[in-house]
Amino acid sequence: MQLSKEIQIMLVVLAAVTISKSVSKQKGLSSNGQDTVSVSLPGDIVLGGLFPVHEKGDGAPCGPKVYNRGVQRLEAMLYAIDRVNNDSNILPGITIGVHILDTCSRDTYALNQSLQFVRASLNNLDTSVFECSDSSIPQLRKNASSGPVFGVIGGSYSSVSLQVANLLRLFHIPQISPASTAKTLSDKSRFDLFARTVPPDTFQSVALVDIIKNFNWSYVSTIHSEGSYGEYGIEAFHKEANERHVCIAAAEKVPSAADDKVFDSILNKLQKKPNARGVVLFTRAEDARRILLAAKRANLSQPFHWIASDGWGKQQKLLEGLEDIAEGAITVELQSEIIEDFDRYMMQLTPGTNQRNPWFAEYWEDTFNCVLDPESVSSLNNSAGSKSAAKSKTICDGNLRLSEKVGYEQESKTQFVVDAVYAFAYALDNLHNDRCNIQSDQTTEQRKHQQHSESVWYRPISTNSKSQACPDMANYDGKDFYNNYLLNVSFIDLAGSEVKFDRQGDGLARYDILNYQRLENSSGYHYKVIGKWFNGLQLNSETVVWNKEVEQPTSACSLPCEVGMIKKQQGDTCCWICDSCESYEYVFDEFTCKDCGPGLWPYADKLSCFSLDIQYMRWNSLFAIIPMAIAVFGIAVTILVIVLFAKNHDTPLVRASGRELSYTLLFGILVCYCNTFALIAKPTIGSCVLQRFGIGVGFSIIYSALLTKTNRISRIFHSASKSAQRLKYISPQSQVIITASLIAIQIIITMIWMVVEPPGTRFYYPDRTEVILKCKIQDMSFLFSQLYNMILITICTVYAIKTRKIPENFNESKFIGFTMYTTCIIWLAFVPIYFGTGNSYEIQITTLCISISLSASVALVCLYSPKVYILVFHPDKNVRKLTMNSTVYRRSAATGTGAGGGAQGAPNSSGYSRTQMGGSSTTLPVQGGAVCGAMTSSSVQPIQQNSPKINEKVTSPIAEFSNGEYLVE
């Protein structure tokens with residue numbers, strides 16, 4: 001006979017385990033006799049069960065203490081089997097049996113126990129490899145304690161399931177766990193026949209991080225148990241926490257054989273991170289209790305706030321005597337509903353009626369803190385230690401029953417144990433329907449008349465031993481059953497919840513979030529549901545109670561930075577110092593400040609920037625009103641003077657003033673006043689062009705006209721003493737052409753400036769809080785553009801100084817001189833003020849406007865006030881007659897007499913010559929544009945002098961009218 005590869009593997013495993021068990025027996029590890037104790041109920045199809053009925057032992061696989069949760073889960077499996085066997089709609093005519101073993105909460109012991117399933121399931125192998133001597137078909141013997149184990153329910157701990165799943169997969173035995181949540185069990189390459197009615201710890205880890213983030217915690221410590229549950233669970237938690245910026249202050253592991261010193265050491269390490277007030281526990285229940293015991297021994301002045309996985313869940317017994325330490329703890333528990341019928345089932349059980357569970361008597365004694373009669377204890381436990389313990393306790397009353405009054409509470413995984421049984425049942429029912437289609441009419445008729453009662457739990461003893469399980473069903477391959485039937489099961493369980501598996505064999509992820517609180521007006525404690533998790537957290541933070549805290553505590557290495565501050569990392573990623581961004585910067589991310597840029601300013605929250613208001617001179621500003629008032633007044637006065645001159649256009653005074661240049665000068669003054677409005681207007685390309693032309697051309701009009709006047713006066717009086725020859729270019733037409741030529745130079749300069757620096761607008765930033773709209777004119781460019789006007793002013797001033805001593809009849813030159821002196825003072829004061837106030841655009845513009853208006857006002861007042869005075873108040877002096885200055889006349893007469901008819905044409909004291917007429921000295925007044933003198937006749941007759949050439953016509957260089965105006969030649 002040749003053996004297949006699977007049988008070879010099986011034999012190796014059996015040999016290894018046989019050696020292991022023999023060694024264990026030699027060491028006395030099975031002194032409690034747990035190896036031989038099991039729950040065995042016969043059936044057509046047998047399901048195995050692995051539950052932690054006892055806690056771990058010290059020096060032995062199993063300890064003496066019964067594990068309350070394990071017993072309830074075992075009874076939940078029996079309860080579900082009873083319901084299925086009594087349900088005519090599921091597997092009719094087929095009875096499900098059980099073979100339940102104790103894992104004692106230890107993975108290696110559970111592996112040894114699972115070998116009983118392997119031995120009982122050898123019929124799952126291909127029997128064609130065996131040969132009988134009589135040529136019959138090989139068959140394995142079935143009885144109540146051994147038979148084909150079609151599938152296994154369990155184990156509870158992930159470490160147990162990992163070991164058992166690796167073994168069962170070799171023999172194609174599918175497994176469903178009601179409690180193992182390790183992430184690695186979802187790996188189908190390693191655990192291809194494993195399923196569970198609970199979700200993997202991946203979802204629980206996400207839920208735990210969601211809880212932490214809900215409280216705005218960013219710095220926590222973690223403790224996990226050694227083994228697959230704690231290690232894989234905390235690994236998933238750390239990964240999720242890291243992705244969501246939750247830092248781990250300390251990560252501690254509880255070894256499998258840890259003593260009190262280890263737990264005390266763990267607590268000491270946690271206390272070294274005082275800012276990590278939150279502690280996440282991914283531990284077994286017993287490890288969680290010992291951590292709380294260590295915290296009680298440490299007598300913490302500042303308690304930790306526990307966030308625990310479903311290893312703690314909502315167990316009350318775990319916290320006995322530690323309620324004050326555990327108060328405020330937040331735990332995660334798989335969302336499960338209470339199955340009320342199971343409570344009724346448990347409450348009617350007694351050691352006498354529940355003979356099928358060999359551990360129920362121990363559970364009874366532990367629950368009621370009593371002992372059954374010593375003989376019963378001896379027969380059930382066969383242990384001298386238990387007898388001695390029994391003698392110190394009272395005998396259990398026969399009327400005792402399980403109830404809430406004695407601390408009974410339905411275990412949280414009960415629903416998932418029942419769901420696991422029903423998953424197998426429904427999958428087997430589907431297999432039966434597909435493989436065993438022949439049913440008798442009698443069986444069909446019986447199913448129609450059977451009624452199921454929710455209170456019937458025990459399987460009735462049937463005299464009909466004929467099974468409806470056909471050979472195809474009994475011998476169906478377990479791997480095919482897992483993939484084709486078990487994973488495709490979907491149903492509504494006894495609690496009304498949906499049950500189904502994904503392709504990894506995992507159940508739906510639903511959790512309750514619990515808070516351990518003190519009962520109101522009581523010294524008792526309870527778990528209160530404060531939220532749920534199903535693809536996301538729903539938590540009522542207002543109902544959370546904290547340990548010795550009124551407000552929600554903080555668990556952070558560093559407090560969050562205030563608005564406008566960034567983090568500067570120090571050590572751990574969650575530890576930092578806060579640094580302020582500059583006033584003009586915004587918080588780009590939690591570690592970076594960024595400049596908003598020119599013209600932008602951050603909002604109050606420093607998260608983004610907004611555009612600053614663009615500033616420019618407003619018409620309603622005081623800085624605009626004052627220069628505009630001056631300009632309006634100046635324009636009004638200038639227009640009045642123009643109107644006055646126009647009305648007196650042909651009077652001697654206006655004609656003598658040089659009408660062309662007077663109107664030109666008045667127009668220039670008017671332009672200067674109007675420049676104020678161009679400067680105050682909102683900067684645009686148009687207003688900027690007007691500014692450039694207006695300021696430069698306006699001044700050039702004024703000072704070109706003044707330069708022409710002063711130049712003419714200077715030339716006339718200087719040439720009068722040297723020659724009687726008529727001067728060129730002193731006619732009105734010539735004066736206008738000269739003035740226009742001088743103005744054209746400024747226009748050309750301005751046009752060149754516009755080509756070199758095109759007009760436009762620009763934003764000026766005196767500081768980061770201001771944005772000023774200005775014309776695109778550099779201060780130095782503006783200064784250079786006025787250089788030509790400064791030259792005109794300087795030349796005018798020089799001519800004014802040179803003509804300061806002319807006779808009083810020609811005193812307009814004095815007014816021109818005063819105008820130029822005042823202008824120079826204004827501009828010398830303006831330049832430093834203008835450039836010194838560059839950061840205040842309002843003051844700068846106001847200064848420029850007032851300076852321009854003052855320059856125009858000085859010219860208007862000094863040059864035209866005497867003329868206006870005569871035209872308005874003394875029109876009698878505006879006559880055509882030769883007005884002689886009496887003082888000068890008398891001085892001239894006296895000089896002529898005293899000289900005894902001195903040489904004619906000799907210069908007087910003022911340096912100007914006199915012409916002798918008829919033996920007397922006469923000074924001819926030169927009124928060519930003079931302000932104070934009156935004009936004489938329209939022509940001067942030739943004068944016959946007492947000389948050899950007396951008959952010659954003599955033309956005076958200063959006494960000729962042209963075009964009706966009195967002009968010097």
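## Strand β5 and its partners

In this predicted model, strand β1 (residues 39-41) pairs with β5 in the antiparallel sense, and the two are linked over three bridges. Within that pairing, Leu41 has Val98 of β5 as its bridge partner. Strand β2 (residues 45-51) is joined to β5 by seven bridges, and these two strands run parallel; here Phe51 stands opposite Asp102 of β5.

Strand β5 itself covers residues 96-102, and because seven of its seven residues are buried, the strand is largely enclosed by the rest of the structure. In a regular strand the side chains alternate between the two faces of the sheet. Both faces of β5 are covered, with Ile96, Val98, Ile100 and Asp102 buried on one side and Gly97, His99 and Leu101 buried on the other.

## The eight-stranded open sheet

An open sheet of eight strands follows the order β10-β9-β11-β12-β13-β16-β17-β18, and its pairing is mixed. The edge positions are held by β10 (247-254) and β18 (537-539), each of which has a single partner strand, so that one side of each is left without a neighbour in the sheet. On average, and with direction ignored, neighbouring strands of this sheet are turned by 30 degrees against each other.

At the β18 edge, strand β17 (residues 525-533) and β18 run antiparallel and are joined by three bridges, with Lys532 having Gln538 in β18 as its bridge partner. Helix α6 (residues 228-243) packs on the sheet, where it touches β9 (219-225), β10 and β11 (278-282), and the direction of α6 makes about 160 degrees with that of β9. Helix α7 also lies across β9, β10 and β11, running at about 175 degrees to β10.

## Helices α7 and α8

The axes of helix α7 (residues 260-271) and helix α8 (residues 285-298) come within 9 Å and cross at roughly 65 degrees; the two helices are therefore roughly perpendicular to each other. The crossing in which α7 passes α8 is right-handed.

On the α7 side, the contact is made by Asp260, Phe263, Asp264, Leu267 and Gln271, while α8 contributes Asp287, Arg290, Ile291, Ala294, Ala295, Arg297 and Ala298. By character, the residues of this contact divide into six nonpolar, one polar and five charged.

## Helix α10

Helix α10 spans residues 340-347, and its buried residues are Asp341, Phe342, Asp343, Tyr345 and Met346. These buried residues of α10 pack against three helices, namely α2 (68-85), α11 (360-368) and α14 (414-435).

Note on methods: Residues are numbered from 1 along each chain as its sequence is written. This is a predicted model: local features need pLDDT of at least 70, side-chain atom pairs count only at pLDDT 80 or more; totals for chains, interfaces and linings use all residues. Side-chain values use heavy atoms; hydrogens and water are left out. Axes are lines fitted to C-alpha atoms, for helices over the stretch in contact, and angles run from 0 to 180 degrees between N-to-C directions. Helices (H or I, at least four residues) and strands (E, at least two) are DSSP runs, numbered from the N terminus. Angles under 35 degrees count as roughly parallel, over 145 as roughly antiparallel, 65 to 115 as roughly perpendicular and the rest as oblique. A crossing is left-handed if the near helix is turned anticlockwise from the far one by less than a right angle, and right-handed if clockwise. Contact means heavy atoms within 4.5 Å. Ala, Val, Leu, Ile, Met, Phe, Trp, Tyr, Cys and Pro count as nonpolar, Asp, Glu, Lys and Arg as charged, and the others, Gly among them, as polar. Buried means under 20% relative accessible area, exposed over 50%, partly exposed in between (1.4 Å probe, protein chains only). Two strands pair if DSSP finds at least two bridges between them.
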